[in-house]
There are 4 protein chains.
Amino acid sequence: MPASEPLAPRPENRRQRVLEAAASRFLRHGYSAASMRDIAADAGMQVGSIYYHFPSKADLLTAVHQEGLRRIKTAVTEALSGRQDPWERLEWACITHMEVLLHGGDFFQTVMRELPRETDPDWKHLVALRDDYEAIFTGLLDALTLPADMDRRKVRLMLLGAMNYSPMWYRSGDDAPANIARNFIEVLRRGLEPGAP
Amino acid sequence: MPASEPLAPRPENRRQRVLEAAASRFLRHGYSAASMRDIAADAGMQVGSIYYHFPSKADLLTAVHQEGLRRIKTAVTEALSGRQDPWERLEWACITHMEVLLHGGDFFQTVMRELPRETDPDWKHLVALRDDYEAIFTGLLDALTLPADMDRRKVRLMLLGAMNYSPMWYRSGDDAPANIARNFIEVLRRGLEPGAP
Amino acid sequence: MPASEPLAPRPENRRQRVLEAAASRFLRHGYSAASMRDIAADAGMQVGSIYYHFPSKADLLTAVHQEGLRRIKTAVTEALSGRQDPWERLEWACITHMEVLLHGGDFFQTVMRELPRETDPDWKHLVALRDDYEAIFTGLLDALTLPADMDRRKVRLMLLGAMNYSPMWYRSGDDAPANIARNFIEVLRRGLEPGAP
Amino acid sequence: MPASEPLAPRPENRRQRVLEAAASRFLRHGYSAASMRDIAADAGMQVGSIYYHFPSKADLLTAVHQEGLRRIKTAVTEALSGRQDPWERLEWACITHMEVLLHGGDFFQTVMRELPRETDPDWKHLVALRDDYEAIFTGLLDALTLPADMDRRKVRLMLLGAMNYSPMWYRSGDDAPANIARNFIEVLRRGLEPGAP
DNA sequence: GATGAATGAGTTTTCATTCAT
DNA sequence: CATGAATGAAAACTCATTCAT
């Protein structure tokens, strides 16, 4: 036998290929409309082969969520490192959130689109994963100096909602994600009637 | 003869029963994970009977969207009638939007949760239906007096995103929908640092 | 109430409309691929209404066969009346058979195309109906003066097969059915090598 | 360990088993009255397993036609090889045609019984397959020396019709297929009145 | 006579999963 | 590691038929 086979699949990135195919299919078709066969085809293998890497379809979804949240957490944490000003920190968290969401591939978008449902097999786990990420924003808002009666939870959910809805309307010609994020923060901070009594 | 016969089908509301069952299942399981069998069971009839009222599952989804959007449009239009002040009008649109979304049953929530995908059977139609409703908000924002460089489209999408994300976190003990809406408007109008330079 | 209603269906020909629609659908789609709903639609009525005229789909098929065979028997019998010469009688039977088969509507063609199968509900009945018609040809062949060892049954089946296959290849530009029939008879009588030893 | 394991699927002939079961069911019940469930049962497997080998019921029909026509073409071609005399060649083609049709199993008979309809899924393809076979007969007739005004197409269709109708009346006690074929050729060649003026 | 509404058994097809090789 | 082959349950949908009105 010669030294190398023509199609030799580099050993470790086949799992990754499956994961990417799954994220893409979950995002475009939804979890249950995405079929293992199609995912396998996208990943360039047979259905049965997926099961060597992942024990079930539900585990694939979990892995996509984990990967998506791992990426966003890493990115946000890195963006915050070294920054002190509370408003600047919030702004950079949002900039990163928007950039990863809109230009960072299918993983994080799948997390935000294929939101867990109470009827999902792994519901509690997925919710816990996401809550863990969103806790970063709880901390960032707590660090702001705000009027005493301001409901910080509502503000956080308002901001996250505004951002997470963006893949629904964002098109390639739109303003850059970072600018959209800055706009949201600006509106949030000053309001629409900055000079009002 | 006893008071009621088993086969008397209370003629007209069976179609409505199907529609309600479908909205509920679509909301709780997602469109493709919801089975016609379960919808039929919820509606108290046989699977085949659904097809007398709706030609396909996709049409059922379309009908749910139509009904949800018909309801919210009616409610918002009515809430706006007689009001003149632009900010008051926007606030009432949001109050109504939140009340119908959070306390108005499954229809409108399904519209906002089961967002159309490009791969969906009736995608363009569903998007057009929702755009038609959201156009109300375009008008409301156009009526506001805002700084000249303010991007009203972004503001509209920010506000809608904040509201439409709410079913994801809203729990029964939370503040009333109307209050949440008022809070959103307040933040949007004044910002979080009302006295800032 | 005014003197006449706009849609008043002339009382007796609705049964006939059903029968014609059935023949057409049976012929073009085959018995089991033809649906009662489609037949009803072609006939301009609701499915349920068919059951006033015919107790079941199988009975519809039987009725189509009966009507088709009634028509061809009437036509052939009439064509033979007054003719004495055995070969002329056979020729006219064939001319009529071909004309009704190729230009006589869907009934007789359905009889010959949707041939009864042993698995059909009404198999024996349908076969008996057709045998009854084909018996005419047995008689016509018996009347011919032929070489003693000639197997008249085989000749009859050869001739009927040749004719009954014709709807499969006959197209509107082809020779007239009567001419095709005359050709068949000519070949049958003289052979392809008329002057051979 | 006992002699055979229940799950050992004798690897390659399962596809063939499906094909045979399909031919048999299509022949006895007709294409649309034959159910995949019954075909699977005849083949000794689950319905779903059929779809590993054939993508749809329509493809199964196509495969049956292909196999039937492949068989008859092979048989006829072989029967003609080495023969020169035009009439002898035609006779042997007919002998083979009749033998395969009446004693050659369900495949070719299905081709000739389950004649393609314009409404069939794969209509044009099936017609093309059969035309390809029947072209052999066009060639055989062209090779005969016949009166100048003889319409060879009509003669070909007369002969094919006579043969293809035979499964409808052939019963096990009948004359051997080869003899029936010889009879047809004899009648075709000499006619019924060989000594006539 | 006709129909609107419903039924239940049936259809083809899809799918996640398994497992011997 | 990967796959070819199979499975059985479930999917959406169709259909002949029924029956009260």
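User: In this predicted model, what makes the pairing of A:Ala34 with a phosphate oxygen of DNA strand E a polar contact?

Analyst: The distance does. A polar backbone atom of A:Ala34 is 3.2 Å from a phosphate oxygen of the strand. The cut-off for a polar contact is 3.5 Å between N or O atoms. The pair is within the cut-off, so it counts.

User: Why is A:Tyr51 said to make a polar contact with a phosphate oxygen of DNA strand E?

Analyst: An N or O atom in the side chain of A:Tyr51 is 2.9 Å from that oxygen. The limit is 3.5 Å, so the pair qualifies. C:Arg14 passes too, because its polar side-chain atom lies 3.1 Å from a phosphate oxygen of DNA strand E.

User: How many residues surround DNA strand E, and which are the closest?

Analyst: 35 residues surround DNA strand E. The closest are B:Arg14, B:Ser49, B:His53, C:Ser49 and D:Arg37. By class, this surface has 13 nonpolar, 14 polar and 8 charged residues.

User: Which helices supply the surface near DNA strand E?

Analyst: α2 (36-43) and α3 (47-53) of chain A and of chain D each supply at least two residues. So much is also true of α3 (47-53) of chain B and α3 (47-53) of chain C. On the DNA side, 72% of the strand's atoms within 4 Å of the protein belong to sugar or phosphate. The rest belong to bases.

User: What makes C:Arg153 and D:Asp174 a salt bridge?

Analyst: Their closest N and O atoms are 3.1 Å apart. A salt bridge needs a side-chain nitrogen of Lys or Arg within 4 Å of a carboxyl oxygen of Asp or Glu, so this pair meets the rule. The count between chain D and chain C is 10 salt bridges.

User: Which helices of chain D supply the side that touches chain C?

Analyst: α1 (14-29), α7 (123-142), α8 (152-164), α9 (166-169) and α10 (177-190) of chain D each supply at least two residues. α8(D) gives the most, with 9 residues. This side of chain D divides into 24 nonpolar, 8 polar and 13 charged residues.

User: How much area is buried between chain D and chain C?

Analyst: About 4200 Å², with carbon and sulfur atoms giving 58%. Here 45 residues of chain D are in contact with 46 residues of chain C.

User: How do you know that no contact joins chain A and chain C?

Analyst: Contact requires heavy atoms within 4.5 Å, and no contact joins these chains. Their closest C-alpha atoms lie 31 Å apart. No contact joins chain A and chain D either, with closest C-alpha atoms 13 Å apart.

Definitions and conventions: Residues are numbered from 1 along each chain as its sequence is written. Chains are lettered from A and ligands numbered from 1 in the order in which they are written. This is a predicted model: local features need pLDDT of at least 70, side-chain atom pairs count only at pLDDT 80 or more; totals for chains, interfaces and linings use all residues. Side-chain values use heavy atoms; hydrogens and water are left out. A residue is near a molecule or strand if one of its heavy atoms lies within 4 Å of it. A polar contact is a pair of N or O atoms within 3.5 Å; within protein, one must be able to donate a hydrogen and the other to accept it, and residues adjacent in sequence count only if both atoms are side-chain atoms. Helices (H or I, at least four residues) and strands (E, at least two) are DSSP runs, numbered from the N terminus. Ala, Val, Leu, Ile, Met, Phe, Trp, Tyr, Cys and Pro count as nonpolar, Asp, Glu, Lys and Arg as charged, and the others, Gly among them, as polar. Buried area is the accessible area (1.4 Å probe) that two parts lose on being put together, summed over both.
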